[in-house]
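Colleague: Could you take me through one part of this model in detail, with attention to how its charged side chains pair up? I would like a connected account rather than a list.

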Amino acid sequence: MPLTMAGIGETNTISRIGGNEETRRFLANLGFVAGAEVVVLSKIGGNVIVNIKDSRVAVNEDMARHIMI
């Protein structure tokens with residue numbers, strides 16, 4: 001399921017990253033890689049703020065749809 005469906009406070013493991021090569025590279029640079037643990041801290045209008053690799057990262061709804069957990 002996409003990251004947009006994750007509940008707030010849940011710890012999830014990323015299974016794969018979709019999208020084109022540029023999108024996958026951008027997300028990988030932020031730490032979104034298969035096997036990484038991610039915790040959704042908040043959701044505002046489809047945009048999500050997550051904790052990944054001891055950093056807080058905000059991703060918009062479109063990017064979050066490419067991250068499968």
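Modeller: The side chains of Arg24 and Glu21 come together in a salt bridge, with N and O 2.8 Å apart. This is a predicted model, and the distances that follow should be read as belonging to it. Both Arg24 and Glu21 sit in helix H1, three residues apart, which is about one turn of the helix. Glu21 also meets a second partner, since its side chain forms a salt bridge with that of Arg25 at 3.8 Å, N to O; Arg25 and Glu21 again both lie in helix H1, here four residues apart, about one turn of the helix. Glu21, Arg24 and Arg25 are thus linked in a network of salt bridges.

As for the surroundings of this network, Arg24 is partly exposed, with a relative accessible area of 32%, Glu21 is likewise partly exposed at 43%, and Arg25 counts as partly exposed at 46% relative accessibility. Thr23, by contrast, is buried, because its relative accessible area of 13% falls under the 20% cut-off. Thr23 lies in helix H1, which covers residues 21-29, and, leaving aside its neighbours within four places in sequence, it is in contact with Gly18, Met63 and His66.

Two of those contacts, Met63 and His66, lead on to helix H2, which spans residues 61-66. In helix H2, Glu61 forms a salt bridge with Arg65, the closest N and O atoms being 3.7 Å apart, and these residues are four apart in sequence, about one turn of the helix. Glu61 counts as partly exposed at 33% relative accessibility, and Arg65 is partly exposed as well, with a relative accessible area of 42%. A search of the whole structure finds four salt bridges, including the ones described here for Arg24 with Glu21, Arg25 with Glu21 and Glu61 with Arg65.

To place these helices in the whole, the chain has two helices and six strands, and along the sequence they follow the pattern β-β-α-β-β-β-α-β. The radius of gyration of the chain is 10 Å, close to the 11 Å that the globule rule gives for 69 residues, so the chain is as compact as a globular protein of that length. Finally, with regard to charge over the chain as a whole, the mean positions of its 7 positive and 7 negative charges are 2 Å apart.

Terms used
Residues numbered from 1 in each chain as written. Predicted model: local features only at pLDDT ≥ 70, side-chain atom pairs only at ≥ 80, totals over all residues. Heavy atoms only, no water. Rg over C-alpha atoms; globule rule 2.2 N^0.38 Å. Lys, Arg positive; Asp, Glu negative; His and termini not counted. Charge placed at Lys NZ, Arg CZ, Asp CG, Glu CD. Buried < 20%, exposed > 50% of the residue type's maximum accessible area, 1.4 Å probe, protein only. Contact = heavy atoms within 4.5 Å.
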